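Subject: Structure handover and summary of findings

Dear colleague,

Please find below the structure that I am handing over to you. A summary of what was found in it follows.

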Amino acid sequence: MNTTYPRPDGTPEKVPPVPGDAAPADAEPSDARRADESSVTTATLAPYRHPAQLDEEVHLRTTESAEARRQRLSTGALIGIVAAVMLWLVTQTSGTARFALSNALDEVQLPTISVPGLPVVLVSALLLAAACVVYVLPGMGRWRRWAGLVAGLALVAGFLSWAAAGRSLPFLVSNQLQGTLLLATPLILGALCGVMCERSGVVNVAIEGQMLTAAFAAAVVGSVTGSVTAGLFAAMFAGVLMGAVLALFAITYLMDQVVLGVVINLLALGLTSFLFDSLVKPQSGELNDAPLLEPIQIPLLHKIPLLGDVLFSQTILAYLALISVVVVWFILERTVWGLRIRSVGEHPKAADTVGINVVAIRWSAVLAGGLFAGLGGSFFTLGVTGAFNDDITVGKGFIALAALIMGRWRPGLAALMALFFGFVDQLGSQVQTMGTPISSDWLKLLPYLATIVAVAGLIGRVRGPAADGVPYVK
Amino acid sequence: MSESIGSAGRRIRLPWSDVVVTLFAFILAFLLGAVLMVVSDPEIAPKWSYFFSRPSDALGASWDKVSQAYSALVGGALGGIGPITSTLARSAPLICAGLGIGLAFRAGLFNIGAQGQAVVGAMISALVGFSIKGLPLAVHLPLAVLAGVAAGAAWGGIAGALKARAGAHEVITTIMLNYIALGMLGWALTTTLFQRPGRADPISPIVEWSATFPRIEGTQLHMGFVLALLAAFGVWWLMERTKLGFQIRAVGSNPSASATAGMSVSTITATTMAISGGLAGLAGVQVALGAISGATPTPLTAGLVGSIGFDAITVALLGRSRPLGTVLAGLLFGAMNTGGLKMQSAAQTPPDLIMVLQALIVLFVGAPMLVRTLVPFLKARRAGKAPTTQAVAPVASQGGLAS
């Protein structure tokens, strides 16, 4: 039988084309988490007949909801604006743009790629314009995802070509990639902490505070013991300790979790600054001079040109961050514990009914999340200068929170968003050194502007775990 | 949603147990603060190691240290007309921004962006204040105030519009807008429009006297505090006596039900964020146009607004998002901040202790069950009753991040 019925979540399994119908057939099977309001499938059923006779009577068609339409048009408009800006940049581009694939000191020297600036920027602008058309016209559903990808790549290529064209120094591609991973490391770990907590139903706005405390602990313990490993463990302990405060008040004492997160951030900032001023600063030689994490080169692999330096010659923290993404995914999706975490985050009452101890599972998830936040926090001291300073995390915990939400509470996606943020951050500082006409004050803002654009234009409404932030009372 | 100590005014019954719990929350916070001071003092801590042979050493030194710090704190905030007016002046921006954040809370929105909105408000009101010359006070001051409020409202409105139009999460957008506002201020102070002629460092000219808040002779209390009280009354009026206020509360309690009842949730979201931003902008105006020390307002610099927008989150939380509560919480935090300066100069205690105390107070006030557990006689009195599970801020039942 080739009849198609709407599935319970509202997505059609197969949409037969309806001739003469202007409405687009958005045929891609979207996942249930995202598709909540984006499309409505209507079935026109004839009066009841025997199933054998039913074949030709069912008409399925997908109409776009007002909200999805608005989202599509605003994305299209956004790409259109970017295309217009890019077209304007065409007039500002002259000379060739050079991209150096390896640094001057690398053993294997890769060639420096030279491209003519103006044509590349022009092609990027045209590609962006084409992507804009795909979004604005109805009925191009299947092309939209590709158009988005092309638009993103064209934006980066066009912007870089414009920035690098006619400059005396080439754009350093390997620096860009290395910096991306470096800057993203604490963000990935912070976001993973958020994933663990929030998938179990505990809102964690306190990632910032956890990381700050961990950074402090890592610096002090690392300095006293002279050991990086001790510093890392101290950081993890501090992260878990702040996680325990979060769990105690959120799960056991049922405090409002957003409030709690803000308060923990304040507490962490106050405590670390107070202890730093009154104890650490007077003897910073002994207490604030921790050893640094050394890059670990993975044998053979680090010699791969370009990628070797980026992926296989990093500090232990970067490896741990990447491994942790897989670990968190594995825990959540492939273990019993993870299934329980997700179930208490979505529907604690149902979980309780089948005998899961909601409170214990939430506690365990929050404490486990603290490990990741602690590791992320150690980056700011052990990974950079080895010394602590007031408010050394400078709001990176909030960026991790943003990555978590943009990544729809999933480890892989959240890590990608953290990498995106690291990429744009590094891009801003790289372009800054090339001497473009943009003021450095604005280039510093690039990551934040890019995040707003990404959230507003491309990601839109997201939905977290159903019971996120709701305390459970038996 | 529980109508508690706040200003709702419909329930006259005074919740004595709440008052007692709040009182003990303060006592616990100050006790922990004292412990922290003693533990972190390199001279006192060793005296505890021989506590059992000579307890008087440790106890005496600790008592001296703690009592000195706390008496400086109280004296610096409330000791005499000078400190009291200074406290009031310092509370004004906290109250304004706290009102804005509280208003957003009641619509189920978490406005972390008060900082950025205050920065933009300060920036624009200062610009109007120092670049226009020769206007009378009665025209210039309102103009500067309104410009700052409008700028804050626009900045908050961006986040609101993005949430309403594209569904962008307000927590993300307001965090990003904070950074952008601060970066914009840093950039603006290098342009000829903002930078003081003849100066190389990023600092603006001094605001004209005609755009400065008039103040009581010989004190730090300026008209901004009156504006803050008026704003509190205005918010109360808006929330309790107007249709828009009812809609804001309805959307905060249950967006789906409000939409079903015919309200435009997205319009109300955007409007609420704009009003909230306007109030935060007013906080920025207070900083830019009020003379907090000396005779003229501090000229605009990158750090002028400080962390008012973030402190105000705690103020709104402690005030349970109600206008009267926010005013009281703002006064308390203003007093603590003012006293903290004195504590630093008189007792050499880092002012960061104030931050710890404020966090602990909100923590304990927000978890009445913990206070009841820690204070035995309270527990005994409440033994017969079921524990209450009220939240401090009436964020929509979904929690701040899951909407």
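A residue is called buried here when its relative accessible area is under 20%. By that criterion, the residues of α14(A) that are buried are A:Lys396, A:Gly397, A:Phe398, A:Ile399, A:Ala400, A:Leu401, A:Ala402, A:Ala403, A:Leu404, A:Ile405 and A:Met406. The helix, which spans residues 396-406 of chain A, is thus mostly covered, with eleven of its eleven residues buried. Just after α14(A), A:Arg408 adopts a positive phi of about 50 degrees. Please note that the whole model is predicted.

The two chains

Chain A contains 17 helices and seven strands. Of its 474 residues, 50% are buried. The surface that chain A exposes is about 20,800 Å², and 67% of it is supplied by carbon and sulfur atoms. Among the contacts in chain A with a separation of 6 or more, 75% are between residues 24 or more positions apart.

Chain B, by its secondary structure, has 15 helices and zero strands. Its length is 403 residues, of which 57% count as buried. The accessible surface of chain B amounts to about 16,100 Å², with 69% belonging to carbon and sulfur atoms. For contacts in chain B between residues at least 6 apart in sequence, 75% join residues at least 24 apart.

The interface

How much area do chain B and chain A bury between them? The value is about 4,800 Å², and 78% of it lies on carbon and sulfur atoms. On the side of chain B that touches chain A, the elements that give two or more residues are α1 (16-40), α5 (137-166), α6 (170-188), α11 (308-318), α13 (352-366) and α14 (368-374) of chain B. The largest share of that side comes from α6(B), with twelve residues. Sorted by class, the side of chain B that touches chain A has 36 nonpolar, 17 polar and three charged residues.

In total, chain B brings 56 residues to the contact and chain A brings 52 residues. Zero salt bridges are found across the interface of chain B and chain A. Polar contacts between chain B and chain A number two residue pairs, both at pLDDT 80 or more.

Salt bridges

Over all chains, the search of the whole structure finds six salt bridges. Side chains of opposite charge can pair when their charged atoms come close. The following pairs are among those in the model.

- B:Glu170 and B:Lys163 form a salt bridge with their closest N and O atoms 2.9 Å apart. Both B:Glu170 and B:Lys163 are buried.
- B:Asp201 and B:Arg199 meet through their side chains in a salt bridge, at 2.9 Å from N to O. B:Asp201 counts as partly exposed because its relative accessible area is 33%, and B:Arg199 is likewise partly exposed, at 34%.
- A:Lys281 and A:Asp277 form a salt bridge, with the closest N and O atoms 3.4 Å apart. A:Lys281 has a relative accessibility of 47% and therefore counts as partly exposed. A:Asp277, at 23% relative accessibility, also counts as partly exposed.

Two sites in chain B

The first site concerns B:His222, which lies in the loop between α6 and α7 (223-241) of chain B. Is B:His222 buried or exposed? B:His222 is buried, because its relative accessible area is 6% and the limit for a buried residue is under 20%. Setting aside neighbours within four places in sequence, B:His222 is in contact with B:Ala89, B:Phe213, B:Pro214, B:Arg215, B:Gln286, B:Gly290 and B:Ala291. A polar atom of the B:His222 side chain also lies 2.9 Å from the backbone nitrogen of B:Gly224.

The second site concerns B:Ala270, which is found in helix α10 (residues 265-289) of chain B. Which residues does B:Ala270 touch, not counting those up to four places away in sequence? They are B:Gly160, B:Ala161 and B:Ala164. With B:Ala164 in particular, the C-alpha to C-alpha distance is 6.0 Å, although the two residues are 106 residues apart in sequence.

Yours sincerely

Conventions. Residues are numbered from 1 along each chain as its sequence is written. Chains are lettered from A and ligands numbered from 1 in the order in which they are written. This is a predicted model: local features need pLDDT of at least 70, side-chain atom pairs count only at pLDDT 80 or more; totals for chains, interfaces and linings use all residues. Side-chain values use heavy atoms; hydrogens and water are left out. Helices (H or I, at least four residues) and strands (E, at least two) are DSSP runs, numbered from the N terminus. Contact means heavy atoms within 4.5 Å. Buried area is the accessible area (1.4 Å probe) that two parts lose on being put together, summed over both. A salt bridge is a side-chain nitrogen of Lys or Arg within 4 Å of a carboxyl oxygen of Asp or Glu. A polar contact is a pair of N or O atoms within 3.5 Å; within protein, one must be able to donate a hydrogen and the other to accept it, and residues adjacent in sequence count only if both atoms are side-chain atoms. Ala, Val, Leu, Ile, Met, Phe, Trp, Tyr, Cys and Pro count as nonpolar, Asp, Glu, Lys and Arg as charged, and the others, Gly among them, as polar. Buried means under 20% relative accessible area, exposed over 50%, partly exposed in between (1.4 Å probe, protein chains only). Accessible areas come from the Shrake-Rupley method with a 1.4 Å probe; for residues, only the protein chains shown count as cover.
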